[in-house]
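Visitor: I should like to take a close look at a single part of this structure. Please describe the part with care and explain how it relates to its surroundings.

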Amino acid sequence: EEQESIEQSLVGKRVLITAGPTKEKVDPVRFFTNHSTGKMGYAFAKQAASLGAEVTLISGPVSLDTPRGVYRIDVESAQEMYEKVLEHYENQDIVIKTAAVADYRPKKSYSTKIKKQSGELEVKMERTNDILKALGQHKTSQFLVGFAAETTNPLEFAKQKLEKKNLDAIVVNNISQEGAGFGGDTNIVTYINGKGEQINYPLQSKEELAKNILQHVVNELKDE
Ligand code: CTP
Ligand code: CA
């Protein structure tokens with residue numbers, strides 16, 4: 001039905017994608033999360049599937065339909081995402097980590113509702129596992145693509161993440177730019193690979209962007 005599916009450059013490839021936010025519970029009614037809607041990750045899943053890949057999508061809580069032909073696993077917390085991603089990591093060819101994983105979770109999660117009291121409430125937070133960093137450490141032959149959301153010095157911070165997490169490429173979003181980042185149907189990004197090459201992708205739909213980046217990754221895989 002779609003013309004793009006004529007071009008099957010990912011046939012025989014396994015692609016793992018994470019998408020959406022994570023949700024970190026404080027008590028049965030309250031949680032911490034972020035502005036991610038999952039659109040960028042779902043666009044990657046859809047485009048990878050239409051290029052012929054076998055796609056596993058590990059998704060935080062979002063209100064999007066599963067793209068056709070995609071195997072979707074739902075998770076809530078960063079810890080659950082960590083476990084599922086590592087479980088499915090081994091025989092992947094390409095891993096794309098668009099998820100906006102919470103960096104902190106409440107140190108204590110209460111099984112009954114916290115009742116309001118007079119005065120202030122303090123919630124102690126602790127660090128979650130860095131999933132992408134763990135993937136970089138356990139990397140065998142996977143092509144590992146991270147995302148970075150930045151409001152200042154995007155290229156500089158992204159390059160640091162690329163190196164620290166042992167990635168093959170990073171896609172950086174300057175989320176303070178109009179038309180980029182959370183929620184919308186468009187994005188503006190820069191792709192940086194391990195060789196230090198940079199590609200600027202001007203304002204375009206998340207669908208187009210996902211397809212263009214995947215095509216580029218396919219070419220990088222061929223050159224290896
Ligand atoms: N990431 C992850 N696990 C975490 C935090 C982040 O896998 N606990 C991944 C994201 O999915 C993304 C990349 O790391 O692909 C970069 O996320 P980002 O929030 O931009 O960077 P951080 O390393 O978390 O650093 P900071 O938020 O301080 O900028
Ligand atoms: Ca973060």
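Guide: A nonpolar core is a set of buried Ala, Val, Leu, Ile, Met, Phe, Trp, Tyr and Cys residues joined through C-beta atoms within 7 Å. The model shown here is predicted, and its largest nonpolar core has 54 residues. Ile17 and Ala48 are the residues with the most contacts inside that core. Helix H1 gives the most to this core, namely seven residues. Helix H1 is therefore the part chosen for this close look, since no other element gives more to the core.

Let us begin with the helix itself. H1 covers residues 39-50, and at 1.5 Å a residue its twelve residues should span 16 Å. The C-alpha atoms at its two ends are 16 Å apart, so the expected span and the model agree. Just after the helix, Gly52 takes a positive phi of about 100°.

How many of the residues of H1 are buried? The count is twelve of twelve, and the helix is thus mostly covered. Among the buried residues are Lys39, Lys46 and Gln47, as well as Met40, Tyr42 and Phe44. The cover over these buried residues includes strands S1, S4 and S6, strand S11 (186-193) and helix H5 (206-223).

One residue of the helix deserves particular attention. Ala48 lies in H1, and 29 other C-beta atoms are found within 10 Å of its own. A residue counts as buried if 20 or more such atoms lie within that distance, so Ala48, with 29, is buried. Which residues does Ala48 touch, if those up to four places away in sequence are not counted? They are Leu10, Val15, Ile17, Ala53, Val55 and Leu214. One of these contacts, Ile17, is 31 residues away from Ala48 along the chain, and the C-alpha atoms of the two are separated by 9.5 Å.

A contrast may be helpful at this point. Asn153 is placed in the loop between strand S9 and helix H4 (154-164). Asn153 has 11 other C-beta atoms within 10 Å. The limit for an exposed residue is 12 or fewer, and Asn153 is exposed because its count is 11. The C-alpha atom of Asn153 is separated by 25 Å from that of Val95, a residue 58 places away along the chain.

Val95 leads back to the strands that help to cover the helix. Val95 is in S6, where it stands opposite Leu16. Strand S1 (residues 14-19) and strand S6 (residues 94-97) run parallel and are joined by four bridges. S1 is also joined to strand S4 (residues 54-59), by six bridges, and these two strands run parallel as well. In this second pairing, Arg14 has Glu54 in S4 as its bridge partner. S1 is itself mostly covered, with five of its six residues buried.

To summarise, H1 is a helix whose twelve residues are buried, with S1, S4 and S6 included in its cover. H1 gives the most to the largest core, and Ala48 is one of the residues with the most contacts inside that core.

Terms used:
Residues are numbered from 1 along each chain as its sequence is written. Chains are lettered from A and ligands numbered from 1 in the order in which they are written. This is a predicted model: local features need pLDDT of at least 70, side-chain atom pairs count only at pLDDT 80 or more; totals for chains, interfaces and linings use all residues. Two strands pair if DSSP finds at least two bridges between them. The expected span of a helix is 1.5 Å times one less than its number of residues. Two residues are in contact if their C-beta atoms, placed from the backbone, lie within 7 Å.
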